[in-house]
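This briefing is intended for a reader who is meeting the structure for the first time. Please keep the sequence and the model at hand while reading the points that follow.

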Amino acid sequence: MMEESLRQGFAPTFGDESSIPGEVNRDPLVDRLAVRCVADDDASSATFTGRPIAGFDQRTYGGHLLAQATLAATATVQFPRTVTSLHAYFLRMGGKDIDLTYLVNRVRDGRTLSVRSVAISQGDRELAVAQMMFGSQSAHDDGQVYRFEAPHVPGPAELPSLDQRRLLRLPDDGIKLPIRSDWRSASRPLDIRYVDDAMLPKQSGAQRCFWFRAEDIARDAGQNVHRAIMVFASDRSLLPVIAKARGELDTAVRHTTASIDHTLWFHDDVAAGRWYLYAQDSPFSNATNGLARGTIFDEHRRAVASVAQQGLIRL
């Protein structure tokens with residue numbers, strides 16, 4: 001009864017705090033991220049366009065830019081090479097109404113690796129630049145594999161969703177743009193299950209953990225599509241770990257934050273629709289900026305990706 005009474009004050013059901021009144025975006029994430037080739041000289045460069053997310057009144061999410069950039073670069077690389085690393089700098093904020101342009105430069109195609117540079121713009125404004133490497137790297141290539149060990153925390157089925165956390169008035173998790181009960185219609189459509197501090201083993205070194213999953217897509221979509229969705233998710237809620245390391249998580253929702261750069265390395269194949277554990281920490285910060293790091297583990301608690309991001313933080 002208490003939960004139902006709380007839910008009555010939590011309308012609307014769909015979207016998140018940036019939803020435009022009267023609009024609901026139910027498009028699957030894979031469709032929101034789709035890009036279209038508009039020019040290709042087959043030698044040095046190709047140009048693609050993509051859309052910002054519709055139905056939301058907010059700046060363009062960095063993970064959206066990098067996921068679309070990954071898909072654009074993928075279209076210029078021969079199968080079966082997959083993206084193995086990404087390094088990006090965010091230059092300016094993007095808006096919600098104008099198409100995004102991705103200029104992909106074919107930097108190099110070697111015998112085993114391909115490198116691509118992507119300039120991301122909106123109108124006459126350059127928003128970000130990114131470089132990506134593609135190869136055939138697999139965790140199964142060598143006889144010996146060393147991986148970080150995942151923190152021993154409860155599984156996602158044992159944890160409440162973000163929507164349920166707010167209904168039950170559990171401690172703040174520092175995640176901005178809280179989704180409502182249908183996470184698939186949010187501006188950042190990920191089902192997130194936050195792990196409270198009391199559940200974190202002290203010896204793990206992690207300062208913050210949460211499970212996440214994206215909407216399932218066809219397994220034959222191609223590994224680069226699954227990895228693009230992981231790129232999208234990797235930018236979700238990284239900067240709050242800096243605030244947490246500084247003992248400021250309770251005020252994190254009032255911080256003005258901006259990502260400066262974003263780096264990701266893949267260690268293994270991934271699959272949209274499955275649960276992943278994101279263990280985060282912050283080794284350094286000062287009055288205005290800090291570094292956040294993360295390791296992403298699969299359901300078998302194997303490390304599949306590593307992430308680092310520098311951010312500006314102001315109260």
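Of the 315 residues in the protein chain, 52% are buried. The model is a predicted one. The chain contains 6 helices and 12 strands. Its radius of gyration is 19 Å, close to the 20 Å that the globule rule gives for 315 residues, so the chain is as compact as a globular protein of that length.

**Overall dimensions and surface**

- The C-alpha trace of the protein chain spans about 60 × 50 × 40 Å along its principal axes.
- The protein chain exposes about 15000 Å², and carbon and sulfur atoms supply 51% of this area.
- The chain carries 37 positive and 39 negative charges, and the mean positions of the two sets are 3 Å apart.
- When contacts between residues at least 6 apart in sequence are considered, 73% of them join residues at least 24 apart.

**Nonpolar cores**

- In soluble globular proteins, nonpolar side chains tend to be buried together.
- The largest nonpolar core has 64 residues, of which Tyr102, Met132, Phe212 and Ile296 touch the most other members.
- Apart from that core lies another, made up of 13 residues, including Ala150, Val195, Trp211 and Leu277.
- Residues up to four places away in sequence aside, tyrosine 102 touches Ala46, Thr47, Phe48, Gly50, His64 and Leu65, among others.
- The partners of tyrosine 102 also include Gln68, Ala69, Ala72, Val118, Ala119 and Ile120.

**Arginine 301 and its surroundings**

- Arginine 301 lies in the loop between strand 11 (289–297) and strand 12 (303–314).
- The residue has a positive phi of about 65°, although it is not a glycine.
- With a relative accessible area of 27%, arginine 301 is partly exposed, since the partly exposed class runs between 20% and 50%.
- Neighbours within four places in sequence aside, arginine 301 is in contact with Phe148, Ala150, Pro151, His152, Val153, Trp211 and Leu277.
- Three of these partners, Ala150, Trp211 and Leu277, are named among the members of the 13-residue core.
- Arginine 301 and histidine 152 are 149 residues apart in sequence, yet their C-alpha atoms are 8.8 Å apart in space.

**The loop between helix 4 and strand 7**

- Aspartate 173 has its place in the loop between helix 4 and strand 7, and arginine 169 lies in that loop as well.
- Helix 4 covers residues 162–167, and strand 7 covers residues 191–195.
- Aspartate 173 counts as buried because its relative accessibility is 1%, under the 20% cut-off.
- Arginine 169, by contrast, is exposed, with a relative accessible area of 67%.
- Arginine 169 has a positive phi of about 55° although it is not a glycine.
- Aspartate 173 is in contact with Leu162, Arg165, Arg166, Tyr194, Arg208 and Leu249, leaving aside its neighbours within four places in sequence.
- The C-alpha atoms of aspartate 173 and valine 195 are separated by 8.7 Å, and the two residues are 22 apart along the chain.

**Two residues in strands**

- Threonine 257 is found in strand 9, which comprises residues 256–266.
- Threonine 257 counts as buried at 16% relative accessibility.
- Apart from neighbours within four places in sequence, threonine 257 is in contact with Arg59, Lys176, Leu239, Leu312 and Ile313.
- Arginine 314 is found in strand 12 and is partly exposed, with a relative accessible area of 47%.
- Arginine 314 and arginine 111 are 203 residues apart along the chain, and their C-alpha atoms are separated by 46 Å.

**A cis peptide bond**

- Phenylalanine 79 and proline 80 are joined by a cis peptide bond, for which omega is about 10°.
- Proline 80 is placed in the loop between helix 3 (62–74) and strand 3 (82–90).

Technical notes: Residues numbered from 1 in each chain as written. Predicted model: local features only at pLDDT ≥ 70, side-chain atom pairs only at ≥ 80, totals over all residues. Heavy atoms only, no water. Helix = DSSP H or I, 4+ residues; strand = E, 2+ residues; numbered from the N terminus. Rg over C-alpha atoms; globule rule 2.2 N^0.38 Å. Buried < 20%, exposed > 50% of the residue type's maximum accessible area, 1.4 Å probe, protein only. Contact = heavy atoms within 4.5 Å. Areas by Shrake-Rupley, 256 points an atom, 1.4 Å probe, with all protein chains shown as cover. Lys, Arg positive; Asp, Glu negative; His and termini not counted. Charge placed at Lys NZ, Arg CZ, Asp CG, Glu CD. Core = buried A, V, L, I, M, F, W, Y, C linked by side-chain atoms within 4.5 Å.
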